[in-house]
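This report describes selected features of the structure shown below. Please keep the sequence at hand while reading.

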Amino acid sequence: MFSYYFQLGLRSLRRNPLLTALMVMAIGFGVAASMTTWSVFRVTSGNPIPQKSSSLFIAQVDNYGQGNNDAGEPLPWLTYTDAMALMHAHQAKRQTALYAIATSAVPADPQRLAFPARGYATYGDFFAMFDVPFLFGSGWSASDDEAHASVVVIGRELNEKIFAGANSVGREINLDGVNYRVVGVTDRWEVRPRFFDLDNRGGFGVAGQVYLPFTRALDLRLKTASGITCNRDVGSGWESFLHSDCVWVSLWAELPTAADAERYRQFLYGYAAQQQRTGRFGWAPNVRLRDVMQWLSYRHVVPKEAQISLLVAFSFLLICLVNTAGLLLAKFMRRAPEIGVRRALGASKLAVYMQFMIEAASVGLAGAVLGLLLTGLGMLCVDRVFDPSIAKLAHIDLSLVGLTIVVSVLSTLLAAFYPTWRAAQVQPAWQLKSN
Amino acid sequence: MQIKPIISALKHHKAGTLLIAMQVALTLAIVCNALFIIRQRIEHLSRPTGIEESQLLTIANHWVGKKEDDYSPAKVDVAALRQIPGVVDAYSTNAYPLIGNGWKSGVRKDPQAKDQVGVSAVYFVDDHALPTLGLKLVAGRNFRADEIGEMGQNGNPDAPIIIITKAFADKAFPDGSALGKPLYLGTRGGRPSIVIGVVERLESPSPEDEGAESQYTTLVPWRLNRDFSSFVVRTQPGQLDAVAKAAPAALSAVTRMRVIPDDGVQTFAEVREAAYKSDHGMVELMAAVCVVLLAITASGIVGLTSFWVGQRRKQIGVRRALGATKRDILSYFLTENLLISLLGVVVGTVLGIGLNLWMMAQFEMNRLTMNYVLTGVVALLLLGQAAVLAPALRASRVSPVEATRTV
């Protein structure tokens, strides 16, 4: 039955090749545009750390007050003073203050030039909090944090460049002329967007290759490689910078349960209230505690281009479907006499439905094949619209191929629904009479 | 031509009529917004930076092991760059137009005032910046070599003298010349900076800046005391590639304790291309979408009208037999399409404006102006007429004999 209807469908499609080609092309273009933009959208809007995204939180404390803050919202970063107060309070299971650093790795071989190595100044909790995978060794301990230890965790790439990929734990590495003892080497860590480093190419920049203890980085006066915003005069010198109202530190806390998060929110509020009482803040507590996905949405991580092009592509698909519906209607109604004969010979309405839906599905399948080819072509052009760091993430995988076929067939069936219904309504007696 | 019979005929083809009208409406909504986006992006990327962009080279540089309190090594580096054969001039700076990010500072006319006159991009430069960039002074003078100072990491950019753009001068001093007047850069209570020169135009570092704000720029005669710097080099015609090769070597000869990233040496043309890449991409994408959409809509109209013509051969034959001319038949189908398309563009105009309003709320887009809608309306009406022409001509060739054939 199925194969008979399929053959009938193919025969009908062959009878009017131009119309068929138009439908297949409309479906193919529509699906390809949607899938190409979707492939970009899904990498930018994905959850970077699904197993923990709802238990990792970033704390924000308004340090500027109404009129100077970000339209009522606290700025995205904290002052050193607030970050340290929150760290020392130890109110979360794990917590880390962090900021991005830009160092230069100096190879031991004096003939080789130094090269840039970006990274983060963090606390030892960072690695367990963010599930950082290790190739060798591990992160450092809380006592290393307290001792301002000269230790470092390096990334796999840096390890390959400096130590030729060998287990470098225990060896020394020179960063900006200062020696550090390697305690761990991280494996490739493909967390995107890098929710804790959104100011570097919107969270899609190269992965950090250097992790230093926050306490040690401050001793060495390493400036942040990301933004600093200051509201009042800073004065000169490192100490006055540290204790200024400039915001530049992020504070992440791991709060496994909703109750923990609520308790931490209360604590943050209490902290800001206390700052108001001591006169440091001249405004009511204005704090935020956002988990990873809330943070990504608040910081608008998905590029405007990705959203607009997705919107345009899906509207495009919709228009293609309306177009296909019109063409199918014409095609099916032209065969009213044929339907009349079939119905008169005893075919049920259901049989007519089946026959025409299968014909439409074969159009959808052909559209899917064209759509896949065009999606492949579209992938090659993704880097013309999007930042290269994002474009290189967009790729065709099995799930995208599956989605392309499903969307193509389903949307064609959707478009075919009304024309098929009309076809099934054909009155056999009337058709036979008029012919 | 009578419209009434056409409408009553259309009533028998509600579904087809509505499908075409819907397709026209959706296409109009997308096309007028796409045209608008294209226009906006083209306007954005063709904005002049104010500098003479040909023969310019930029070099990103990071000094290894430089502490914040050390004096900037830029002076020695720049001297080495100026020695390279083929180099006209060079200077060191924190940023330049289109680089992406830089320093911004609030500017006041009264040091104690809460309100600022504006936020200005700040370029830390020396006396070679104006000739290197080819900036045009419209008033006052350039910095002198003995006026170039050094700056610490944390302070305000409140140098004793500054040069500002004309746009910023007009904003700060709408009633007269800015020359010789003080401005206060940075946080409240800073020191005065006297305006000694006004340049015609100079864009801020971020291509994201919109409108007049992108022209609010201040030149500060200080070497920024950070561990990174950009060098901007003007070469003699035809020497760009040679200098691009020679410059990293010349800098390494000064000291090896530096990092120049792999893509650190760029011509300004490359800087511009990178800065406006996504704009170019959006223009291409939207143009492609418009073309394909119009083609698909046209094909839909051709397909459905052909079907109608086939269906009505008998009626056409009867009309012809009763004295209707070929012209009458042709204009029947053209008018029919015009009516459907009109319904489509009316709905499409509403949809297009709605889409624009939604995008304004979501993506801070500007308000769609009516000419884009009108352009879209005219385009779709013409497209409909063109698409319907072939089937309509075929209909007009139906012979009156057709009336007698079937049954």
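**A central strand of chain B**

B:Val122 stands opposite B:Thr218 in β10(B). The model is a predicted one, in which local features need pLDDT of at least 70, side-chain atom pairs count only at pLDDT 80 or more, and totals for chains, interfaces and linings use all residues. Residues are numbered from 1 along each chain as its sequence is written, and chains are lettered from A and ligands numbered from 1 in the order in which they are written.

Helices (H or I, at least four residues) and strands (E, at least two) are DSSP runs numbered from the N terminus; two strands pair if DSSP finds at least two bridges between them. Strand β4 (residues 118–124) of chain B runs parallel to β10(B), joined by 4 bridges. Strand β7 (residues 161–165) of chain B pairs with β10(B) in the antiparallel sense over 2 bridges, and here B:Ile164 stands opposite B:Thr218.

In a regular strand the side chains alternate between the two faces of the sheet. In β10 (residues 217–220) of chain B, B:Thr217 and B:Leu219 point one way, B:Thr218 and B:Val220 the other way, and all are buried. A residue is buried if 20 or more other C-beta atoms, placed from the backbone, lie within 10 Å of its own, exposed if 12 or fewer, and partly exposed in between.

**Domains and the chain contact**

An assignment that is automatic or from a database gives chain B domain 1 (4–45 + 278–405) and domain 2 (65–256). Taken over C-alpha atoms, the centres of these domains are separated by 55 Å.

The contact between the chains takes 43 residues from chain B and 48 residues from chain A, two residues being in contact if their C-beta atoms, placed from the backbone, lie within 7 Å. On the chain B side, α2 (14–45) and α8 (277–311) each supply at least two residues; the largest share, 16 residues, comes from α8(B).

**Backbone features of chain A**

Two residues other than glycine have positive phi values, as tabulated.

| Residue | Phi | Loop in chain A |
|---|---|---|
| A:Asp131 | near 50° | between α4 (125–129) and β5 (134–137) |
| A:Ala164 | near 55° | between α6 (156–163) and β7 (172–175) |

A:Asp131 counts as exposed because it has 12 C-beta neighbours inside 10 Å. A:Ala164 is exposed, with 8 other C-beta atoms within 10 Å.

The peptide bond from A:Arg192 to A:Pro193 is cis, with omega near -5°. A:Pro193 lies in the loop between β8 (178–186) and β9 (210–213) of chain A.
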